[in-house]
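Please look through the sequence and the structure below, and then follow the explanation with the model open beside you.

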Amino acid sequence: MPAPSKPTATSTVTSDDRPVASALSRWTSLSRVVRREAAIGWLFVLPALLMYALFVLLPLLLSIQYSFLRWDGIGPMTWVGLKNYATVLDDPDLLGTIFNAFKLVIFFSFIPVTLGLVVASVIHRVATGRLGAIARTVLFLPQVIPLVAAGIIWGWLLALPGLINQILRAVGLETFARAWLGDFDWALPAVGLIGVWVLLGFCTVLLLTGITKIDPSLYESARIDGAGWFTEFVNITIPLLKQEIGVCLTVTVIAALAAFDIVYVSTAGGPGNSTAVPGIQIYILAFTEQRIGLASALAVMLMVLVLVVILPIQYLSRESTP
Amino acid sequence: MNKKSVLWSLASLLVLTSMLLSACGASATTAAPAATEAPATDAPTEAATEPPVATEAPTEPAASAGPSCGTDPVVLKASFETGFDIPFKLAEEFTKQYPNVTWDIQQDQFTNLINSTPRLLSGDNPPDLLRLPTMVTFAEQGLLMNLDDYATAFGWDEWPVPQLNQNRVAEDGSRGSGALYAMGLNYSLTGIYYNKELAAQIGMTESPKTVAEFEELLAKAKDAGLLPIMQWGSAKSGMGLAFPLQNLMAAYGPVEPINDWIFQKPGATIDTPTNLIAAQHLEQWIKNGYFPPDINAIEYTDANARFNQGEGVFLFNGDWQNAGHDTAMAGNVGFFLMPPAEAGGAPAAMSAPLTYGIAANAKNADCAAFFLNWVGTNDEARTINVNIGGSNPGGPLGATIPPAAAGSITNETLAAGPVVGEAGTSMDFIANATSAIFAQGWTPELQKMVGGQQDAAGLLKAVQEEYLRQLEQ
């Protein structure tokens, strides 16, 4: 975006005998124009801003307020200070959900971004034209399918009589067949797999767009120097995609830490608490247990946690752009 | 690009967190779908908002001078549960008999009722009659009408005591005694369903008389390469092993302490010596492979579908599922109550009313109460209740229960009802003790037991701790 031209006092100095005053008046008139433009700008933004304030900022502030209260959602509110936060930190079940969320980061974030990089660079190199378009579309499809429907379908696929186990049995791997979503060791990776399926397309398409913007002459000169695919990938593609990778990581890490829909539809947190994530606990605490205060405290902590994880990613992906 | 990526991430961050937060900020309320709620059946419900045209001449209004619907036009505002035909059919029949009464019905899924009911009740125009997803909180918050006066007027006080007791809430918030806040449209019963063909294969000629006999049958089924018990256990439906567990508890110990625990009587505990024996039996059943290996991933509807298709000799469930079994395995399904530990003992069963209440500010409370009385006393209503609901219609002492269609499993479940009634061994569900005890207590702990991560003693201890934690708030 081009920076708006700034009115500067120096440019207004003239041969007038009262240069300073004139410059000042000129400056204020210019600034009036700018201010008017700004006011018009604000007018345009106002409707969106109002909605944003009403449906995003207000609930956010209210949640922070609720997190200091004991409240069942209907009756009187009691101020309890930081007790709800202490409860979250004290309760191993609640704390456990946060650990589960970090395990999900591996599946929702690291795998899709890594795999997305590889797939994008392969598509860019091999499958240009129609084949590339088809590959992009197929990979992006999961983004279009409602997550609830996807969760239900994956539930069928991963069930004991489901397709995945049928395939395993067909190729003689029946010892691996199991109820993936009902197994204590495998439920979380299975949920993670659904996340990979959903987010791989998003990352691939975003990274592919980034790759197409890289100057082809860089690759050409690398090839003249005898660089192979891997060298190109490590020395050109990855460094120049830093910002796109940053965006992918940001979006997917948030998807992992704030996961709700995929988990709720596929396992609802079970078996035991092996796939319970903060989103599920917040929902149960608020709507089933009617502990609005505790639920809000967990939600606020989740938000802080997301910020703590996301800000370094933002910082690193922004720094020292060539 | 820098700005873009920051903006993008901030935008998504804010949207996501605010979604979570605003979800929590919304005024929320009670209760998970607990075990008494038969997860929604597939039966489509009619849009019953349109009152059927009266074809018959009006019968006389209420008996004598008691509360009634009068003769002036009345529009009963109602909130029903989607997925169950029974209230809609009853409403239709009621209008046939009392044409001055028409209905304004809104319906929703049970899980949505949990969220919407407090707002409905506290609003300006609350429903006269409503399906209650839970009761205690609404009663305590003064949102529900105390039905004691109607109970006196209609003589409900003389109906069999257990029918009404589950709908009473005491001053201290415990259930089982105190003022009446709801009536049951009908009374469901749970027990053990069996596949007659498979049962014959393992030599079962009559229903087992003791737990030991039942366990013999389970072992035989296992030896014959059959799945002994089909049951659901996914956290999405709630853990179905709560059914056999509670049945075992009632087989090895008295039902009163179990009901006390469910009704939140002071000092009640689930961690008792007889309950430990029950939990140990269940643990042994799991270890013996009597349940499907994938039980932790099986949902309620899948378990029923697989049982109907011939997987599993036995299934612990309730009579709300009767119509489904009748359709899918007509003539091949049988029912018996969980046998007692000792021969000659009384069998026990979980049994719960389909609770309907009246809003504290209802405009047509008299008419709604008259309807509730009519459901229990009118022959046509009782017939509809049996044929469509599959459950006991309750009602006055000594009222005959209309027979179900010949060959229906409902005849067997109805016959079992009085056995429990006379023995006084009916229980509410351990999953209903608090609004979240099922989601946060029984389900995860029983799933852990299936996964070998929890034993019988640990299960009861963990659930009791969770129970106390939830009561403490």
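Just after helix 8 of chain B comes B:Gly225, a residue whose phi is positive, near 80°. This is a predicted model, and the helix that precedes this glycine is a good place to begin reading it.

Helix 8 of chain B runs over residues 211-223, and its 13 residues, taken at 1.5 Å a residue, should span 18 Å; the C-alpha atoms at its two ends are 18 Å apart, so the expected span and the span in the model agree. For this step the expected span is taken as 1.5 Å times one less than the number of residues.

Which residues of helix 8 of chain B are buried? They are B:Val211, B:Phe214, B:Leu218 and B:Ala221, where buried means that 20 or more other C-beta atoms lie within 10 Å of the residue's own C-beta atom. Around the helix axis these residues cover an arc of only 80°, and they therefore lie on the same side of helix 8 of chain B. On the face turned away from that buried side, helix 8 of chain B carries the exposed residues B:Ala212 and B:Asp223. The elements that cover the buried residues include strand 7 (229-230), helix 9 (242-252) and helix 11 (273-287), which belong to chain B as well.

From this one helix we can step back to the whole of chain B, which is divided into domain 1, made up of 74-188 + 353-411, and domain 2, made up of 189-351 + 427-472. The C-alpha centres of these two domains of chain B lie 28 Å apart, and the contact between them takes 15 residues from domain 1 of chain B and 19 residues from domain 2 of chain B. On the side of domain 1 of chain B that touches domain 2 of chain B, strand 6 (183-195) and helix 16 (409-423) each supply at least two residues. Sorted by class, that side of domain 1 of chain B has 2 nonpolar, 12 polar and 1 charged residues.

Chain A can be read in a similar way, beginning with its domain assignment, which gives domain 1 (10-54) and domain 2 (83-318). The C-alpha centres of domain 1 and domain 2 of chain A lie 46 Å apart. The secondary structure of chain A comes to 13 helices and 2 strands, and of its 322 residues, 38% are buried. Finally, when contacts in chain A between residues at least 6 apart in sequence are considered, 70% of them join residues that are at least 24 apart.

Conventions
Residues numbered from 1 in each chain as written. Chains lettered and ligands numbered in written order. Predicted model: local features only at pLDDT ≥ 70, side-chain atom pairs only at ≥ 80, totals over all residues. Domains from an automatic or database assignment. Helix = DSSP H or I, 4+ residues; strand = E, 2+ residues; numbered from the N terminus. Buried ≥ 20, exposed ≤ 12 C-beta atoms within 10 Å, placed from the backbone. Contact = placed C-beta atoms within 7 Å. Arc of directions from axis to C-beta. Nonpolar A, V, L, I, M, F, W, Y, C, P; charged D, E, K, R; others polar.
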